[in-house]
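The following exercises are to be worked with the sequence and the model at hand. Each task is followed by a solution in steps.

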Amino acid sequence: MKKFQSLIAFSAFSFSACSGDVVESYRAAKEDSPAAAPAAPSQAAGPRDLSWDAPAGWTRLPVSGMRVASFGVGGRAELSVVALPGEAGGVLANVNRWRGQLGLAGVDQGGLDAQTRRIASGAGELLFFDIRGKAQADGTSRLAVAVLSTAEQTWFFKLAGPDEAVARALASFQVFLRSLRRAG
Amino acid sequence: MPVRIFGRLWRGLASLKLTIACLAALMALVLACTLTQASLGLYEAVRFYIRSPFLYAYFGDWKVPLFPGGASVGLILLANLAAAQFARLELSWRKAGLWAVHFGLVFLFIGEYVTGMFQVETQLAIEEGATLNYSEDPRRLELAVIDETDPGYDQIYSIPQGLLRPGKTLAPPQLPFAVRIERCSPPVLNADGMVAGPGAVEIDIGGADPVMSLASDAQARSFSRGKRRYRAALRLKRHYLPWSLTLKDFRHEIYPGTDIPSHFSSLVTLSNPSLGERRNVLISMNEPLRYGGKAFYQSSFGKEGTLSVLQVVENPGWLLPYLSCALMGLGLLAHFLRRLRGSVSGAR
């Protein structure tokens, strides 16, 4: 009897915690609001660390996620500006990722050096890559990307779109890159 | 007389015959679950055979239990184990190892019950560069009525799919107005019980607003009620997080010469403003992110490698299997060492 009483005491927990269907009410951050986006730490360089001159005819587009700025260029090409902390994986890895997106094989450091161009700007030297590959579902077949490395961040300026649209936008893109400078 | 009946029940509950019967039933259930997995899908097979109290057959409108399910057999086996332990095992330090082993086994059973009753599995599908502060249940829809009047936040009223029945009027105190379900068609589910095709619902919220048709693969509908602005959407049920994840980079590698993926990983930035926390985390196939009582596993990907899908698991009993194994291991070791010492002493 004593052992049974101990067993009852030991096994006294309930299986009745079933969650039924109930209406719930709660607050949430607005979608695409600063509360839903990561808060920039005070010690890191913020997006306003760079400024630029957008050429005439470029259309400012809404930004989301990690994009600092976004422009429509010539109708079918789009420029995105992204700033990531640190080396952001390194230039070689990122170039191979973009090449992979266009159905191209990766390159080694030697191959990367062979296709690297350098563009001077008021914010420093940018590494420039012009990648042409297979057309994707959205029509993108060419990426012109400039990478700027600062002490705390790596900036990516990526012009994407069909081959001919990117070709037409290249000149204004390079004017934009040369206009980069430190803010303040 | 009651004492005699009670004694018989107690001996029956602690009997070895009951143990063997339960183990045989479990073997049959596991075999049936394994064989039907191909046709039912893993999720449905486990839910039907292992996690349910009974296996039912339907005769017209009659639902008849035919065989105990895994939940019932497990409960009886747990009671049998505990009764046998208290009935036969001496309560002494000499048997401490065996007590630990039995308690470890009990925790294993309890862990499975806690998992079956309380585990919540959702998915977080996020594109590169995007930030999300919610995960979604891939098996359930919700009718979300969102009050977006306040510029600082959205007030969300979530009506679960289980409450969407034609002709039903929902007027819980949380809702600012009543919602009548005019028509409802549930979503198409795949073999794993996941939403594979859209669901739809027609709702009437009264006033001057007409009946609204909502579909889970369509945009939300906006409307006003007085000075307040709302959106209504039929969507996968969301579980909001007090923090957010940003996908910085997704990588996947394939075995050379094949299309078989060999490695997935997502580099994410975890941001928790309330704690002032912001850090990068690499989530890969065997290295989940454990944060805020949830585990984020790399599950799959899409959109040619720019969309990462994370499996989000919340299980309050996730430690119980580890505790169980530790108890059983230590108990066996303690009992073995005691017996070994006894044998050595006897040999001398």
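**Exercise 1: A salt bridge between strands**

The side chains of Asp147(B) and Arg228(B) meet in a salt bridge, with 2.7 Å from N to O. Characterise this pair by its place in the sequence and by its burial.

*Solution.* The model is predicted: local features need pLDDT of at least 70, side-chain atom pairs count only at pLDDT 80 or more, and totals for chains, interfaces and linings use all residues. Residues are numbered from 1 along each chain as its sequence is written, chains are lettered from A and ligands numbered from 1 in the order in which they are written, and side-chain values use heavy atoms, with hydrogens and water left out.

Step 1. The criterion for a salt bridge is a side-chain nitrogen of Lys or Arg within 4 Å of a carboxyl oxygen of Asp or Glu.

Step 2. Asp147(B) belongs to strand 4 (residues 131-147) of chain B and Arg228(B) to strand 13 of chain B, so the bridge ties together parts that are 81 residues apart in sequence. Helices (H or I, at least four residues) and strands (E, at least two) are DSSP runs, numbered from the N terminus.

Step 3. Asp147(B) is buried at 6% relative accessible area, whereas Arg228(B) is partly exposed at 37%. Here buried means under 20% relative accessible area, exposed over 50%, and partly exposed in between (1.4 Å probe, protein chains only).

**Exercise 2: Further salt bridges**

Determine how many salt bridges the structure holds over all chains, and describe the one formed by Asp249(B).

*Solution.* Step 1. The count over all chains is 23 salt bridges.

Step 2. Asp249(B) pairs with Arg251(B), their closest N and O atoms being 2.8 Å apart. Asp249(B) counts as buried at 10% relative accessibility, while Arg251(B) is partly exposed at 34%.

Step 3. Through shared partners, salt bridges also join Lys30(A), Glu148(B), Asp154(B), Arg229(B) and Arg231(B) into one network.

**Exercise 3: The surroundings of Arg238(B)**

Which residues does Arg238(B) touch, not counting residues up to four places away in sequence?

*Solution.* Step 1. Arg238(B) is located in strand 13 (residues 228-254) of chain B, and its relative accessibility of 10% makes it buried.

Step 2. With contact taken as heavy atoms within 4.5 Å, Arg238(B) touches Tyr26(A) and Glu31(A), as well as Tyr134(B), Ser135(B), Glu136(B) and Glu142(B).

**Exercise 4: Aromatic rings**

Classify the pair formed by the rings of Phe157(A) and Phe176(A).

*Solution.* Step 1. A pair of aromatic rings is described by the distance of the centres and the angle of the planes. Rings of Phe, Tyr and Trp (its six-membered ring) pair if their centres lie within 6.5 Å; planes under 30 degrees apart count as stacked, over 60 as edge-to-face and the rest as tilted. The structure holds 21 aromatic pairs over all chains.

Step 2. The ring centres of Phe157(A) and Phe176(A) are 6.0 Å apart and the planes stand at 70°, so this pair is edge-to-face.

Step 3. Phe157(A) lies in strand 9 (residues 153-161) of chain A and Phe176(A) in helix 4 (residues 163-178) of chain A, so the pair ties together parts that are 19 residues apart in sequence. Phe157(A) is buried at 0% relative accessible area, and Phe176(A) is buried at 0%.

Step 4. One aromatic cluster is formed by Trp52(A), Trp58(A), Phe71(A), Trp155(A), Phe157(A) and Phe176(A).
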